[in-house]
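I opened this notebook to keep track of what I looked up, entry by entry. The ligand came up before the backbone.

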Amino acid sequence: MTGQTIPFFTQAATFDAEWDGIRRHLNDVIDNGKFSHGAKVAELERALELWTGARHVAAVNSGTDALVLLLRAAGLRPGDEVIVPAYSFIATATSVVLAGGVPVFADIEESGGYGLDPAAADARVTPRTRMVMPVHLFDRPADLRGLAEVARRHGLTLVEDSAEAIGMRVDGAHAGLRGAGGALSFFPAKTLGAIGDAGAVLTDDDAVAETVRMLRHHGRGGRTLGDFAGIANATVVPGRNSKMDDVQAAVLLGKLGRLDADIARRAELSARYDARLRDVPGVRRTPGDAPPRPGTGRVVYVHLVEVDDRDALAAHLAARGIGTEVYYPRPLHLQPCFAYLGHRAGDFPRAEAACAAALALPLYPDLPDEHADRVCDEIERFYAGRRRVR
Ligand SMILES: *Cc1c(COP(=O)(O)O)cnc(C)c1O
């Protein structure tokens with residue numbers, strides 16, 4: 001097969017373009033000599049507070065640890081139930097377990113995106129429910145108005161898995177700030193990606209921020225670093241080592257200046273895919289098909305289509321050098337690690353249907369228009385070929 005390969009994801013061109021700025025920040029780190037949890041991390045936190053409008057951003061080593069520490073800081077206690085969508089990245093649910101809680105799955109919306117359905121979440125509330133954790137997946141925020149109302153009605157704490165949601169906004173605020181807080185991921189492929197693992201908690205709640213800062217550093221830091229009840233150097237709560245390293249902070253600072261432009265370019269590419277693919281037979285659903293949710297600002301992190309014969313299409317594209325990904329191949333309630341919850345196929349049909357049909361197309365700011373067009377050409381060719389065979 002000839003022709004240029006179109007990877008599902010690459011940051012190569014971004015690094016070429018931004019290398020001078022990134023190198024300046026990296027030199028600071030080397031000169032400073034503190035490589036973990038140092039001045040560059042603090043500088044990134046301030047920059048992200050400005051960019052998101054959050055009162056606090058606490059940097060940690062991954063989006064997953066951001067979720068775990070956020071859940072603990074928001075008051076999750078052993079055995080508490082947290083309602084989460086059955087369709088998401090695995091860490092949405094495993095973070096609840098790692099924080100000592102029990103994930104309780106609910107189905108996603110019928111239309112309008114892939115978020116937790118407020119009515120379905122409401123139906124899963126029990127006397128043991130303490131929190132509800134929506135996820136802002138792919139290209140738009142979950143129905144936070146509806147879910148905040150469910151939380152209010154039952155006295156639950158709202159926390160947000162906003163790992164994919166940098167730049168998404170709901171009713172004038174950055175995603176993650178509606179309730180106790182949100183988690184961000186800077187995994188390389190995310191909208192703002194590091195060159196390794198990194199994450200952050202964003203919150204407007206002073207106590208949540210202080211607890212996260214303590215928990216990420218072995219339970220030290222904040223007020224507990226000095227004396228506590230007369231005990232010097234006291235560690236009051238067992239924390240973790242979830243510190244961000246300064247090399248990641250340097251890279252993120254070097255890329256933050258182009259984040260707005262990156263987000264605009266992602267929207268442009270996504271609209272280009274939408275325009276071409278919307279009417280292709282075999283393509284059942286594209287992001288543009290879902291009506292915009294009132295009061296929200298979209299950011300296209302993943303351009304996800306639902307298609308017929310998904311695996312055959314993915315193989316067709318792969319054979320022509322085009323990378324795709326399946327987000328997500330298995331619904332959370334059918335993951336072996338949650339077998340103890342006793343779910344079966346059919347329990348959350350919308351989540352299961354999404355897993356069977358979803359395919360994510362290459363999308364990053366440096367993807368040339370012609371590459372997006374070639375992806376569309378090959379998708380059209382695949383379904384045209386199928387029609388001829390039948
Ligand atoms: C990426 C992601 C995470 C985890 O973030 P990491 O930085 O990879 O640990 C959690 N939830 C969702 C929805 C994600 O997409």
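**Around the ligand**

I began with the helices and found that helix H3 (63-73) and helix H4 (90-98) each supply at least two residues of the shell around the ligand. H3 gives the largest share of that shell, three residues. I note here that this is a predicted model.

Next I looked up the whole shell. The ligand is surrounded by 17 residues, and the closest are Gly 63, Thr 64, Glu 164, Ser 185 and Lys 190. By kind, I sorted the residues of the shell into eight nonpolar, six polar and three charged.

Which side chains have an N or O atom paired with an oxygen atom of the ligand? I found Thr 64, with a side-chain N or O atom 2.5 Å from an oxygen atom of the ligand. I also found Lys 190, where the distance from a side-chain N or O atom to an oxygen atom of the ligand is 3.1 Å. A nitrogen atom of the ligand has a partner too: a polar side-chain atom of Asp 161 lies 2.8 Å from it.

I then checked how much of the ligand is covered. The ligand taken alone exposes 380 Å², and the protein buries 92% of that. As for its place, the ligand sits in the largest pocket.

**Backbone entries**

I turned to residues with a positive phi. Phe 138 is not a glycine, yet its phi is positive, about 70 degrees. I located Phe 138 in the loop between strand S4 (129-132) and helix H6 (144-154). Is Phe 138 buried or exposed? Its relative accessible area is 1%, so I put Phe 138 down as buried.

Asp 309, also a residue other than glycine, has a positive phi near 50 degrees. I found Asp 309 in the loop between strand S12 (303-307) and H10. With a relative accessible area of 33%, Asp 309 is partly exposed.

Where is the cis peptide bond at Tyr 328 placed? The bond runs from Tyr 327 to Tyr 328, with omega near 0 degrees. Tyr 328 itself lies in the loop between helix H10 (310-319) and helix H11 (349-357).

**One more loop residue**

I looked up Val 237 last. Val 237 is in the loop between helix H7 (206-215) and helix H8 (246-256). I entered Val 237 as partly exposed, because its relative accessible area is 26%. I also checked Val 237 against Ala 151: they are 86 residues apart along the chain, and 28 Å separates their C-alpha atoms.

Key
Residues numbered from 1 in each chain as written. Predicted model: local features only at pLDDT ≥ 70, side-chain atom pairs only at ≥ 80, totals over all residues. Heavy atoms only, no water. Near = heavy atom within 4 Å. Polar contact = N/O pair within 3.5 Å; in protein donor to acceptor, adjacent residues only side chain to side chain. Areas by Shrake-Rupley, 256 points an atom, 1.4 Å probe, with all protein chains shown as cover. 1 Å grid on protein atoms, 1.4 Å probe; cavity = no way out; pocket = protein on both sides within 12 Å on 5 of 7 lines; lining within 4 Å. Sits in = over half its atoms within 2 Å of the grid points. Helix = DSSP H or I, 4+ residues; strand = E, 2+ residues; numbered from the N terminus. Nonpolar A, V, L, I, M, F, W, Y, C, P; charged D, E, K, R; others polar. Buried < 20%, exposed > 50% of the residue type's maximum accessible area, 1.4 Å probe, protein only.
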